[in-house]
Amino acid sequence: MAITKARAATVTAGPHARGGIWSWITTVDHKRIGILYGTSALVFFLVGGLEALLIRAQLARPENGFVGPETYNQLFTMHGTTMVFLVAMPAAVAFFNYIVPLQIGARDVAFPRLNALSYWVFLFGGLFMNSSFLLGQAPNGGWTGYVPLTGPRFAPGLHIDFWVLGLSMLGISSILGGVNFITTIINLRAPGMRLMRMPLFTWMTLVTSFLLVTAMPVIAVALILLIFDRFFGTSFYAPAGGGDPVLWQHLFWMFGHPEVYILILPAFGMVSEVIPTFSRKPLFGYAIMVYSGILIGFIGWGVWSHHMFATGLGPIADAFFAIATMIIAIPTGVKIFNWLATMWGGSLRFSTAMLFAIGVIASFTIGGISGIMHSAAPADLQQHDTYFVVAHFHYTIFGGTILGTFAGIYYWFPKMTGRLLDERLGKWHFWLMFLGFHLTFFPMHWIGLLGMPRRIFTYYDELGLGSLNLLATIGAFTQGVAVVLFLWNLLRSRRHGVVVGPNPWNAATLEWSIPSPPPEYNFAVIPEVHSREPLWERREATPAPPAPEPAIHLPPPSHWPIVVAFGVLLTFGLFLANVWWVPLGGVALVAFGVMNWAFEPGH
Amino acid sequence: MTQAATYTHPATATGLDSWKVGFWTFIGSECLFFGSLISTYMVYKGESLVGPTSHEILNIPLTSISTFVLLTSSLMMVLALAAVQRGSRRGALLWLLLTAWFGSLFLGFQAFEFTQFYHEGLTPQKNLFGASFFVLTGFHGAHVTVGVIWLLTLWVLALRGRLGRADALKVEIAGLYWHFVDVVWIAIFTLVYLIQ
């Protein structure tokens with residue numbers, strides 16, 4: 001494992017611009033693309049967070065007139081859409097990009113330019129969707145986009161057009177990303193990095209990527225049919241023409257339930273890296289952790305209709321999906337217990353990353369339990385569309401994904417920058433966010449059970465929910481303060497943080513064997529792996545230095561990914577012109593870009 | 001294209017070329033895409049409020065011919081790959097062009113069929129059958145179109161003498177795509193045309 005000391009390898013590549021905006025636009029380096037993903041996700045996190053604060057300000061007291069119903073609909077729709085597609089997913093993908101190649105001992109992903117394309121399509125899709133605010137016509141049909149609410153009859157104007165077109169772009173980005181990471185993990189592992197030696201985060205990335213490539217085409221079809229209904233006058237979802245809105249629900253949730261595992265599995269992976277590191281123990285039950293991750297991915301495909309108990313699918317369908325949903329709690333519970341068992345008897349270090357990881361265990365378990373309550377179809381009929389559901393999925397997505405991602409940020413920031421995030425500020429960040437989070441969402445269990453429906457812009461005083469709602473609002477603003485602290489920490493530590501070496505946490509996996517930040521080529525010599533914890537191995541004799549490798553060749557930067565991505569943006573954006581042949585202009589640009597891409601020298 | 005997989009790692013962990021792994025993954029994704037479109041067609045079968053419906057309008061003999069044409073093109077594709085692997089430039093030129101030609105012929109049949117239906121009053125707006133039929137077969141046709149352009153690009157490469165034995169993988173990947181699009185058509189032809 002003596003790889004950090006290897007002599008500087010010769011790196012040959014095309015004309016690399018080292019700095020400047022052009023070098024970022026044309027980059028195909030997985031680490032830079034990871035940083036682009038992460039930064040964009042952070043900016044969208046601030047946007048989505050601001051929307052959440054406006055929502056909570058409106059709900060702070062009964063019959064409030066802070067924002068009207070029109071604005072409120074746009075706020076909760078864009079809050080949900082942004083947090084799912086523009087924050088949680090790209091934040092995970094940022095770590096897929098930066099960390100996975102390092103964990104498996106690779107120099108890049110399998111298709112570097114495709115990786116850049118995924119990013120630019122995602123960015124353009126997100127900006128396109130949010131640009132609707134400038135026209136005052138942001139999407140307003142909820143993040144689930146139920147028809148007929150989003151059909152042409154009941155949703156005139158550009159609101160839903162922006163949503164359906166923007167989301168289509170994000171879907172394309174995700175499929176390409178999934179293909180790339182499956183290939184990378186299957187094919188670019190260093191010698192000796194067998195599947196059952198891969199770090200858990202890499203494993204969860206693999207499972208998530210499979211979910212991406214299988215779930216995204218389903219929502220693509222759902223969206224295409226909606227596009228046809230809205231732009232070309234078909235009746236896929238319109239009862240007046242014989243169509244059935246329930247088709248949308250099925251297609252949406254067939255995607256939507258795998259999607260929630262797309263959101264949570266990467267966070268599970270991060271927690272599974274952080275807990276062993278700060279417990280000084282290998283992960284308890286590695287194999288069963290891998291298998292339960294895979295099992296969650298599989299069963300995640302068979303539970304979608306538990307979102308539709310109130311649709312009236314009949315007792316047989318309800319029973320099937322209720323049982324499947326209860327079963328999926330088993331592999332999830334296995335993970336929780338294995339994390340606890342990893343900590344048991346370990347020498348624990350409560351760094352900020354560790355605190356966030358423990359926060360995930362505590363919070364996600366609560367979200368998991370309320371999920372089991374939903375799985376009972378008769379109980380779900382009471383809870384459906386109330387704040388109880390809002391409490392449940394924030395406990396899983398915020399308590400799981402967002403807290404888990406923060407654990408990942410504090411854990412891997414030194415790898416990316418060579419500096420630690422400030423631990424004191426980090427602990428303030430953690431406690432404010434953790435308490436603020438529970439203060440916001442725990443009361444929502446009662447608010448929901450007492451009958452307050454979600455997605456309604458206000459409530460009557462007589463319901464007696466004023467103080468609970470005020471509590472939730474106070475919690476939300478506490479989280480706002482925590483986020484400001486985090487931003488301050490991020491900006492300050494990037495310049496002034498404590499400088500650290502390759503392995504500040506004394507962690508076990510390969511990414512910690514190379515300098516922080518890693519050189520462009522990652523590994524001067526591709527390492528050979530002999531165990532699951534290569535850096536915790538004590539080998540009697542240092543192996544002879546490996547034979548010098550031939551010159552490392554890295555792919556040169558390319559501007560074709562952003563050109564093709566711009567073509568994709570035009571293709572979907574030009575639908576707004578409402579003339580059927582205009583989007584073909586975008587298709588032509590895509591074709592032009594792809595042709596040049598295929599024949600670009602050096603790739 | 002082959003180099004793309006090898007510049008960082010001389011050998012992959014599985015021994016399979018990355019382009020192949022990636023492309024098979026993509027094909028898996030496409031299966032879900034067409035699966036969802038076909039399912040939409042199936043759940044809406046017989047649900048149209050007005051005519052014309054499938055058994056009134058679908059021309060099975062004509063589509064059998066176009067299906068035969070498309071299936072034949074898959075055979076040409078196999079021969080094209082074999083020619084490139086042998087290093088036969090003439091063979092590659094011949095079979096690639098024939099594959100693309102048969103693919104275009106299929107598209108011609110589809111264009112004729114669409115026009116015919118339009119004149120008989122079937123549009124995507126007319127009823128659920130029209131909507132789900134045109135979207136399903138239209139997306140398949142778009143895939144065939146992409147395939148034809150891909151094949152013609154390879155043909156131009158062969159014409160310039162840039163498609164040697166070392167480039168067989170490029171043709172193999174194009175072949176994977178072409179055969180996949182063919183298999184999808186077999187499913188569509190069976191479920192939409194034959195089983196009414």
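**Reading contacts in a two-chain model**

Chain A of this predicted model is divided into domain 1 (11-538) and domain 2 (559-603).

Q: How many Å separate the centres of domain 1 and domain 2 of chain A?
A: Take the centres over C-alpha atoms, and you get 29 Å.

Q: And how many residues of each domain of chain A take part in the contact?
A: Residues count as touching when their C-beta atoms, placed from the backbone, lie within 7 Å. Here, domain 1 of chain A puts in 17 residues and domain 2 of chain A puts in 16.

Q: Which elements should I look for on the domain 1 side?
A: Go to α4 (112-131) and α5 (159-187) of chain A, the elements that give two or more residues to the side of domain 1 touching domain 2. α4(A) gives the most, with seven residues. Sort that side by class and you find 12 nonpolar, three polar and two charged residues.

Q: Now for the two chains: how many residues of chain B are in contact with chain A?
A: An interface can be described in another way too: its size is often given as the accessible area lost when the parts come together. Here we stick to residues in contact: 31 of chain B with 35 of chain A.

Q: Which element of chain B gives the most to the side touching chain A?
A: That's α2(B), with 13 residues. The elements of chain B giving two or more residues to this side are α1 (2-6), α2 (18-43) and α6 (128-159).

Q: What classes do the residues on that side of chain B divide into?
A: You'll find 16 nonpolar, 14 polar and one charged on the side of chain B that touches chain A.

How values were computed. Residues are numbered from 1 along each chain as its sequence is written. Chains are lettered from A and ligands numbered from 1 in the order in which they are written. This is a predicted model: local features need pLDDT of at least 70, side-chain atom pairs count only at pLDDT 80 or more; totals for chains, interfaces and linings use all residues. Helices (H or I, at least four residues) and strands (E, at least two) are DSSP runs, numbered from the N terminus. Ala, Val, Leu, Ile, Met, Phe, Trp, Tyr, Cys and Pro count as nonpolar, Asp, Glu, Lys and Arg as charged, and the others, Gly among them, as polar. Domain bounds come from an automatic or database domain assignment.
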